[in-house]
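Student: I would like to go through this model and ask why each label is used. Please set the values against the definitions as we go.

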Amino acid sequence: MKIVAKNEQFSKIVADFRILFVCEKKLDHRFVEDRERLDLMGFDGSDESICIVENSIYVGVENQDSESYRIAAAKAIGALKPLKISSAKVACYGEYSSAIIEGFGLGFYEFNSYKSKPKSVSLETIFVSTEEYLGNSSDLASLENIINRSDLMVKGVNLARDLINTAPNEINPITLAKKASEIAKDADLECTIYDEKYLETNGMGAMLAVGKASATQPRLIHLAYKPKNAQKKVVFVGKGLTYDTGGLSLKPSDYMTTMKADMSGAAAVMAIIKVASDLALPIEIHAIAGAAENAVSGNAFRPDDVLVAKNQKTIEVKNTDAEGRLVLADALCYAQDMVKDLDYIVDIATLTGACVVALGEYTTGVMGFDEDLKNSFVASGEKSGELAWILPFNRHLKKLLKSEVADISNISSSRYGGAITAGIFLSEFIEEKNHNKWVHLDIAGPAFVEKAWGVNPYGATGAGVRMAIEWLESLKG
Ligand code: BES
Ligand code: ZN
Ligand code: ZN
């Protein structure tokens, strides 16, 4: 589906369908042509309500904020998708136009690679008139810019969604690395893939142990985007567990399903670097992903094993299901060793069920040492349409990671505060000089949800991508 700007009055554009947002229940607006019918149908413009009258779809937006428009647009496109129409038109809604255009693209997404008979979709084009809801007209060039940015953002989110939704019998550390190299080729990024021998030679014993039991051994993926005019250097590190059975600390089957999404952090960092390069952001970006499969076999790592990470710290394994932090420990060390003078280091991971318990399924947990940095992610989340909230570290929780036999244990001795203790574990692999440059995003809740919500159809959401792009754009100054 493409979105096309039209320097024409809304009523003059020829299209099969009209999309109208009813703002603040104002049914007396000039765009509302079917007042009597709408009244008859009981439509009053309440939030997220929809009414189709002949060839018009009316969508209620009570609250005047971007997210309400984004969700309304996703709802509208979801309702239009099954119709046998090829085009629709919409007007501009001031500062909300960009959210609307993004909502169309995000709500239109569907993953049906595995359906032998996918439903056919005939909707091909949405025309956006430069005519404004408030009467004046917006500038064609700026509308085209908005459409372009939204289009690249949506493509990035949908790229992450596709990677995550792909079944784990297709996506393993080796095929994920292959996907990364394809993205790199397409976007002209530097790409280096390291195999298990490199991990061995370079002392990355934590990541290596996690992937040991799998028929497909771990891969460390490193993509880089280096524009000539770079003003900042940012490293993203993603958790790329292509499947998480829990290992010998095996997950019960109800908790194992959806663990194909345990590579959502890796998918997010790959999508982020792609979008950043498509948008030609003036920032050097590195996307590093630790890809491994946490499987079960005679060769599996075990509870009681002691691992040595790249920074020489020893880790007592008490639970093989707390594997993401082990992979990230080595990937974070690698990132700091290889990328000199970084300005920020951001990890993105489906790290803990505890984060989902703390914040609910829809919110990303933000952790780290620097208040301004954490706040900037919450703010970028809000602006981009992602929910994020800070979980605070404290000295007492830190003590719960103490090990009797090694430098640190991979799980806390308490069942409470698990998202934070996981974050504190990661902090042990962040060099002192980088403490205030690091932020940890736990996307275990929003990365994959088994029912449609907001702008997300069933399955992977691409959590982290929009928030990170918005945040990168905020760095420009
Ligand atoms: N991949 C899981 C976390 C997860 C849970 C992601 C639910 C998405 C949805 C992670 O590797 C894990 O299993 N963590 C354990 C840690 C525990 C053993 C300390 C958890 O959260 O239960
Ligand atoms: Zn796990
Ligand atoms: Zn995991």
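Student: What makes Asp-341 exposed?

Tutor: Its relative accessible area is 70%. Exposed means over 50%, buried means under 20%, and partly exposed is in between, using a 1.4 Å probe and protein chains only. Asp-341 is therefore exposed. The model is predicted, so local features need pLDDT of at least 70 and side-chain atom pairs 80 or more, while totals for chains, interfaces and linings use all residues. Residues are numbered from 1 along each chain as written, chains are lettered from A and ligands numbered from 1 in the order written, and side-chain values use heavy atoms, without hydrogens and water.

Student: Where is Asp-341, and what is its phi?

Tutor: Asp-341 sits in the loop between α10 (324-338) and β13 (344-349). Helices (H or I, at least four residues) and strands (E, at least two) are DSSP runs, numbered from the N terminus. The phi of Asp-341 is positive, about 55°, although the residue is not a glycine. Glu-54 also is not a glycine and has a positive phi of about 45°. Glu-54 belongs to the loop between β3 (50-53) and β4 (56-61), and at 62% relative accessibility Glu-54 counts as exposed.

Student: How do you know which atoms are the protein donors of the zinc ion (ligand 3)?

Tutor: Donors are N, O and S atoms within 2.8 Å of the metal (3.2 Å for Na, K and Ca), and sites may look incomplete because water is not among the atoms. Lys-239 (NZ), Asp-244 (OD), Asp-262 (OD) and Glu-323 (OE) lie 2.0 to 2.4 Å from this ion, so they count. Along the chain, the donor residues follow the spacing K-x4-D-x17-D-x60-E.

Student: Why is the site of the zinc ion (ligand 3) called octahedral?

Tutor: Six donors count as octahedral, and four as square planar, if opposite donors are over 155 degrees apart and all others between 65 and 115; four are tetrahedral if all angles lie between 85 and 135 degrees, and anything else is irregular. The six donor atoms here make angles of 77 to 173°, and the site is classed as octahedral. Ideal angles for six octahedral donors are 90 or 180 degrees.

Student: What is the class of the site of the zinc ion (ligand 2), and which residues are its protein donors?

Tutor: This site is irregular, with angles of 71 to 167° among its six donor atoms. Asp-244 (OD), Asp-321 (O), Asp-321 (OD) and Glu-323 (OE) are the protein donors, 2.0 to 2.2 Å from the ion. The zinc ions (ligands 2 and 3) are 3.2 Å apart, and Asp-244 coordinates both.

Student: Which of Lys-239, Asp-244, Asp-321 and Glu-323 are buried, and which partly exposed?

Tutor: Lys-239 is at 2% relative accessibility, so it is buried. Asp-244, also at 2%, is buried, as is Glu-323 at 0%. Asp-321, at 24%, is partly exposed.

Student: Why does Ser-264 count as buried, and what is it in contact with?

Tutor: Ser-264 has 2% relative accessibility, so it counts as buried. Ser-264 is found in helix α9 (residues 264-278). Contact means heavy atoms within 4.5 Å. Beyond neighbours within four places in sequence, Ser-264 is in contact with Ile-164, Lys-239, Thr-350, Ile-443 and Ala-447.
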